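Trainee: I'm new to this, so please take me through how to read a protein structure, one feature at a time.

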Amino acid sequence: MATATLALLLLTLQLGLVIAVRYLGVSALFAWIAARRRPGTYRPADPARRARLVAQVRREIGWSLLSAGLYAAPAALAFAAFARGGTRLYTDVAAMPLWWLPVSVLVYLFAHDAWFYWSHRAMHHWPALFRAMHAVHHESRPPTAFAAMSFHPFEALSAAWLYPAMVFLVPIHVGALLVVLLIATFMAVTNHMGVELFPRAWVNGRFGRHIITASHHDLHHSRYTANYGLYFRFWDKLFGTDSGLSARVQPPFAQDG
Ligand SMILES: [Zn+2]
Ligand SMILES: [Zn+2]
């Protein structure tokens, strides 16, 4: 029993390290891209603004590293169960029809999106819940690419269980799960980077107008009562909380000094 607990702790530590390194690497990459595109955002000329930004990024990294540890714990439990064959995770592509590969990715993303939209709305609806769970994330005004996992531990825990629980219920190929995690990381980082990565025509286009990018989420960080979604805009549109896109993160960046 003691050995199993120790093994689980070690696995949590290893996964936490992987999540932390992934977060730091991807955030640093997109912060660098954003800084090249919009130097005023990441290196303001005013020393006081610069000092505030450095303090903010430090805070964002601190909370995010804590979140990495919290995400790792339920992931380690699921991983240990997988090693014993106790989950619906599979490694043989032929175990399910091929069409299930992309569909499973969508199912996982839609489930995460639904959970995020409603828990996020609840945190904004009840002031006590906002203060206890979500105020930390909104300390980033405006956010940087390092705010991707900048959550209070209560908020991090409110979402950390979802994918680990889903692997017990919804079959998914290990590769497809990696794609889900890749998309989740990419979107969490780029939606906070302060610069729209996608061309305006794509963001407003037939496909892009249903997807959340920096233009959509940036508005949430300045106007708290709108744009609650994570990946897709349909919940916001369906329930009248979609306030459109922020011009702040789209070039030309007129406000930069
Ligand atoms: Zn919020
Ligand atoms: Zn955010």
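Trainee: Let's start with two helices that touch. Which residues in H4 meet residues in H5?

Mentor: Ala122, Met123 and His124 of H4 meet Leu129, Phe130, Met133 and His134 of H5. Helices (H or I, at least four residues) and strands (E, at least two) are DSSP runs, numbered from the N terminus. Two residues are in contact if their C-beta atoms, placed from the backbone, lie within 7 Å. By class, this H4 and H5 contact has 5 nonpolar, 2 polar and no charged residues. Ala, Val, Leu, Ile, Met, Phe, Trp, Tyr, Cys and Pro count as nonpolar, Asp, Glu, Lys and Arg as charged, and the others, Gly among them, as polar.

Before we go on, this is a predicted model: local features need pLDDT of at least 70, side-chain atom pairs count only at pLDDT 80 or more, and totals for chains, interfaces and linings use all residues. Residues are numbered from 1 along each chain as its sequence is written, while chains are lettered from A and ligands numbered from 1 in the order in which they are written.

Trainee: Got it. How do I describe the way two helices pack?

Mentor: Two packed helices are described by the angle between their axes and the distance between the axes. The axes of H4 (residues 100-125) and H5 come within 5 Å and cross at roughly 115°. An axis is a line fitted to C-alpha atoms, for helices over the stretch in contact, and angles run from 0 to 180 degrees between N-to-C directions.

Trainee: What do we call the arrangement of H4 and H5?

Mentor: With that angle, H4 and H5 are therefore roughly perpendicular to each other. Angles under 35 degrees count as roughly parallel, over 145 as roughly antiparallel, 65 to 115 as roughly perpendicular and the rest as oblique.

Trainee: And how do the axes of H5 and H6 cross?

Mentor: At roughly 90°, with the axes coming within 6 Å, so H5 and H6 are roughly perpendicular too. On the H5 side you'll find Ala132, Met133 and His134, which meet Phe154, Glu155 and Ser158 of H6. That contact divides into 3 nonpolar, 2 polar and 1 charged residues. While you're there, check the loop between H5 (127-134) and H6 (153-160), where Pro142 lies. The peptide bond into Pro142 from Arg141 is cis, with omega near -5°.

Trainee: Which pair of helices is oblique?

Mentor: Try H1 and H8, whose axes come within 10 Å and cross at roughly 45°, so they are oblique to each other. Arg22, Val26, Ser27 and Phe30 of H1 make the contact with Thr185, Val189 and Thr190 of H8. Sorted by class, there are 3 nonpolar, 3 polar and 1 charged residues.

Trainee: Let's look along H1 itself. How far apart are its end C-alpha atoms?

Mentor: They are 52 Å apart, which agrees with the 52 Å that the 36 residues of H1 should span at 1.5 Å a residue. The expected span is 1.5 Å times one less than the number of residues.

Trainee: Which H1 residues are buried?

Mentor: Among them are Leu15, Ile19, Tyr23 and Phe30. A residue is buried if 20 or more other C-beta atoms lie within 10 Å of its own, exposed if 12 or fewer, and partly exposed in between. The buried residues of H1 pack against H2 (39-42), H3 (47-83) and H8. H10 is mostly covered, with 8 of its 9 residues buried, and its buried residues pack against H8 and H9 (200-203).

Trainee: What about loops: is Val167 buried or exposed?

Mentor: Val167 counts as buried because it has 21 C-beta neighbours inside 10 Å. You'll find Val167 in the loop between H7 (162-166) and strand E2 (172-173). Leaving aside neighbours within four places in sequence, its contacts include Ala78, Phe82 and Leu89.

Another loop residue is Asn227, between H10 (214-222) and H11 (234-238). Its phi is near 55°, a positive value in a residue other than glycine. Asn227 counts as buried, with 24 C-beta neighbours inside 10 Å.

Trainee: Which residues does Asp242 touch?

Mentor: Not counting residues up to four places away in sequence, Asp242 touches Ala226, Asn227, Arg233, Asp236 and Lys237. Asp242 lies in the segment after H11 and is partly exposed, with 19 other C-beta atoms within 10 Å.
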